[in-house]
Amino acid sequence: MKIYHNTLPHLLLYTSPKKTTHKEIFGRMSRPTVTSSFPATVAVALAVVQLVILIVPSTVVEARTKTIPADSSKLDEWIAHNMREYNDRKGNETGVKALDRRLAKAEDGVRLIIVRKDGRGNFTTITKAIESIPSGNRRRVVVWIGGGIYREKITIEASKPFVTLYGQKGKRPMITFDATASEFGTVKSATVAVESDYFVAVNLAFVNSAPMPELGGTGGQAVAMRISGDKAAFHECHFIGFQDTLCDDRGRHFFKDCYIQGTVDFIFGNGKSLYLKTTINSVAEGTGVITAQAREEATDDSGFTFAYCNITGTGNTYLGRAWKERTRVVFAYTYMGNLINTEGWSDKMHGSKPRKSMYYGEYKCMGPGATPLGRVNYARILSDEEAKAFLSMTYIQGNKWLLPPPDLSFSRSQPNFFH
């Protein structure tokens with residue numbers, strides 16, 4: 001396996017495991033009744049350790065605005081208001097504000113599976129943990145993954161919704177494989193492919209370690225993550241690759257505090273997604289392209305919105321190119337480094353005719369790459385009114401399904417034992 005360490009500046013690589021406390025292993029989790037599949041011997045050892053469901057009274061947060069605030073100091077407050085704990089929501093919201101019914105039912109009974117490379121969990125591989133989840137699953141399954149490098153190629157099938165992959169805090173696990181389009185096809189080259197709904201990932205690195213392809217070459221595309229399910233959320237995750245790193249394939253998705261790295265079209269697909277506070281890093285050695293959004297028909301309800309993101313890196317990089325006829329991408333409140341080509345956008349793919357119906361928008365961005373001078377004539381510098389539709393949680397209907405990441409905690413005073 002070849003890992004390009006020079007392109008992984010933010011990843012915490014695996015070190016020899018040391019004995020850890022349960023607080024170190026799990027952090028905190030705020031969810032209703034949780035059961036685990038620990039072996040009997042481990043269950044006995046943990047009989048005195050109990051899972052606490054923290055029901056902390058939420059501070060009432062007034063939503064000063066329904067759209068993402070222009071004042072960055074208010075952004076965390078806006079996120080907290082729009083992404084409240086399940087226990088706070090289920091008893092206080094009804095009607096159109098109520099949580100998605102399928103999701104609410106799944107969150108009422110949570111199963112915990114532990115993956116550790118040292119054998120001190122239920123499984124030593126993520127693949128085996130996913131295989132243990134029954135087809136037709138109807139409850140939230142949290143797969144806690146200990147630190148380390150997992151060389152696996154994983155698919156979570158559509159029949160297994162409500163899966164959360166949760167990486168060990170302080171030792172971000174890396175899932176890596178080196179499949180390419182020449183062997184599998186682009187879509188099926190993904191190191192991790194998620195086809196199920198209601199997926200959540202926290203603190204993980206998804207890596208495709210295939211070598212950087214030659215610009216204009218064929219077969220070198222290599223996907224690190226493909227998300228094809230609806231209502232998925234990624235928190236503090238890294239996506240590392242070169243061409244076609246992140247396949248935001250279809251469905252509504254939310255990315256927060258993530259890191260996405262690549263060279264060409266490294267965020268692509270026909271998803272409808274909101275990216276918040278995410279670093280987008282180009283490692284292109286020549287021409288680079290960040291997005292290739294695949295909206296094709298006027299009726300396609302898809303597009304990418306990036307807000308309060310940070311674009312860094314190398315290359316002569318475009319914000320996006322028109323993969324399909326009605327590509328739709330908006331950058332708002334985003335810092336753009338001097339790697340961004342002054343034209344900003346391209347209306348065609350390699351070898352194709354120019355498109356005519358793209359929607360490329362920029363709104364109150366900053367940095368040397370954000371100057372409107374020199375932009376192509378089809379780029380839109382959005383007005384306040386034009387930007388509104390892209391800058392609220394309703395853009396992905398997130399108010400109906402988006403919850404904070406799970407919060408793990410243990411106490412000796414609660415009746416919920418692992419068994």
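The exercises below concern a predicted model, and each is followed by a worked solution.

**Exercise 1. Confidence**

Establish the mean pLDDT of the chain, and find where the pLDDT is below 50.

Solution. Begin with the chain as a whole: its mean pLDDT is 82, and 78% of the residues reach 70 or more. Next take residues 1–65, where the pLDDT is below 50. The model nevertheless gives this stretch 166 contacts beyond near neighbours in sequence. Then go to residues 410–419, over which pLDDT also stays under 50. Here the model has 36 contacts beyond four places in sequence.

**Exercise 2. Strand S23**

Determine which strands pair with S23, in what sense, and how its residues point.

Solution. Start with the strand, which spans residues 328–332. Five of its five residues are buried. Sort them by direction: Arg 328, Val 330 and Ala 332 point one way, while Val 329 and Phe 331 point the other way. Now look for partners. Strand S21 (residues 303–307) pairs with S23 in the parallel sense over four bridges, and Ala 307 stands opposite Ala 332. Strand S26 (residues 359–363) also pairs with S23 in the parallel sense, over five bridges. In S26, Tyr 360 is the bridge partner of Val 329.

**Exercise 3. Nonpolar cores**

Identify the residues with the most contacts inside the largest nonpolar core, and name members of the second core.

Solution. The largest nonpolar core has 55 residues. Inside it, the most contacts belong to Phe 206, Phe 234, Phe 239 and Phe 331. A second, separate core has 32 residues, including Leu 276, Val 330, Leu 402 and Leu 403. Compare this with strand S23: Phe 331 is listed for the largest core, Val 330 belongs to the second, and these two residues point opposite ways from the strand. Finally, examine Phe 206. Setting aside residues up to four places away in sequence, its contacts include Ile 175, Val 192, Met 225, Phe 234 and Phe 239.

**Exercise 4. Cysteines**

Explain why Cys 309 and Cys 365 are too far apart for a bond.

Solution. A disulfide requires two cysteine sulfur atoms within 2.5 Å. The cysteine sulfur closest to that of Cys 309 is in Cys 365, at 9.3 Å, so the pair is too far apart for a bond. Taken from the other side, the closest cysteine sulfur to Cys 365 is that of Cys 309. The structure as a whole holds zero disulfides. Cys 309 is also buried, at 4% relative accessibility.

**Exercise 5. Three positions**

Place Lys 231, Pro 213 and Asp 265 in the fold, and decide whether each is buried or exposed.

Solution. Lys 231 lies in the loop between strand S12 (225–227) and strand S13 (232–235). Its relative accessibility is 15%, so Lys 231 counts as buried. Beyond four places in sequence, Lys 231 touches Asp 100, Tyr 198, Phe 199, Arg 252 and Trp 401. Lys 231 and His 253 are 22 residues apart in sequence, with their C-alpha atoms 5.6 Å apart.

Pro 213 lies in the loop between strand S11 (205–208) and S12. The cut-off for buried is under 20% relative accessible area; Pro 213 has 19% and is therefore buried. Its contacts beyond four places in sequence are Gly 220, Phe 242 and Gln 243.

Asp 265 lies in strand S18 (residues 264–269). With a relative accessible area of 4%, Asp 265 is buried. An unreviewed UniProt entry lists Asp 265 for "active site".

Key
Residues numbered from 1 in each chain as written. Predicted model: local features only at pLDDT ≥ 70, side-chain atom pairs only at ≥ 80, totals over all residues. Heavy atoms only, no water. Buried < 20%, exposed > 50% of the residue type's maximum accessible area, 1.4 Å probe, protein only. Pairing = 2+ DSSP bridges. pLDDT = per-residue confidence, 0-100. Contact = heavy atoms within 4.5 Å. UniProt positions renumbered as here; feature names shortened; annotations may be inferred. Core = buried A, V, L, I, M, F, W, Y, C linked by side-chain atoms within 4.5 Å.
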